[in-house]
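Visitor: Hi, could you walk me through the sheet in this one? I have a few quick questions.

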Amino acid sequence: MTPLTHAAVSEATTTTQVSRRSVLRRLRKLVPEQSFPFSWRAAERIAEHQSSLLRRLARTAATDPVGFVKNLPAIVVRFVPDLPRSSESHWDVTAKRWVIQIVETRSSASRRFLILHELKHILDHGKSVHLYDPHFRRGPLQAQMAGDHFAACVLMPAAEMRRAIRDGLTTTGSLAKHFDVPKHRVVLRLNDLNLINKITDL
């Protein structure tokens, strides 16, 4: 596997003006070329590098990551009355854009998370056969796990989670409000970062 380098991650941020039309391409370039499936840990690291780059691009554009994604010309986000699941994404062949659909009854915090989850599926399009090993928890399940991991990394970066806890946000409710995410997503992220022992209401 070709190693992910700091230079590869930062290559897309060398210009001061973000070209929104090239954002998806830049994020996809962080997936190394190889013909066999990545390990799950490698897939996690790819999602982490992509989340870090997305956050930097959003900062360059002086906006938050979710707002940045919603304003990308290659993506349209729609809130609809009903879907078989909470969210889905597909390519609109007529409009030549990606469409992310979210069930409109989901909370604002859930919508933010789901938009980023679906963005990860869009980034993985055409690459999932190599990204996710079908012998580990089935490839489709890994893709869902990667979508959640990517969204969690974008909305709850590890350094910011640790800083928030040091600053006194030691309940799931306070962290959920601070990061504008659902409480159960906070719990999962705390477990992922081995910070659950710092929380006082669990």
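**Pairing in the sheet**

Guide: Happy to. Strand β2 (residues 87-92) pairs with β3 in the antiparallel sense, over 6 bridges. Strands here are DSSP runs (E, at least two residues), and helices are runs of H or I with at least four, numbered from the N terminus; two strands pair if DSSP finds at least two bridges between them.

Visitor: Is this predicted, and what should I know about the numbers?

Guide: This is a predicted model: local features need pLDDT of at least 70, side-chain atom pairs count only at pLDDT 80 or more, and totals for chains, interfaces and linings use all residues. Residues are numbered from 1 along each chain as its sequence is written, and side-chain values use heavy atoms, leaving out hydrogens and water.

Visitor: Which residues stand opposite each other in β2 and β3?

Guide: Among them, Trp91 stands opposite Trp98, and Ser89 is opposite Ile100.

Visitor: What about the hairpin?

Guide: The hairpin of β2 and β3 has 4 residues between the strands, and Lys96 takes a positive phi near 55° there.

Visitor: And in which sense does β1 pair with β3?

Guide: Strand β1 (residues 75-80) pairs with β3 in the parallel sense over 6 bridges. Trp98 in β3 is the bridge partner of Ile75.

Visitor: What's the strand order?

Guide: The open sheet of 3 strands runs β1-β3-β2, with mixed pairing. Its edge strands are β1 and β2, each pairing on one side only.

Visitor: Is β3 mostly covered or uncovered?

Guide: Strand β3 (residues 97-103) is mostly covered, with 6 of its 7 residues buried (under 20% relative accessible area, 1.4 Å probe, protein chains only).

Conventions. Buried means under 20% relative accessible area, exposed over 50%, partly exposed in between (1.4 Å probe, protein chains only).
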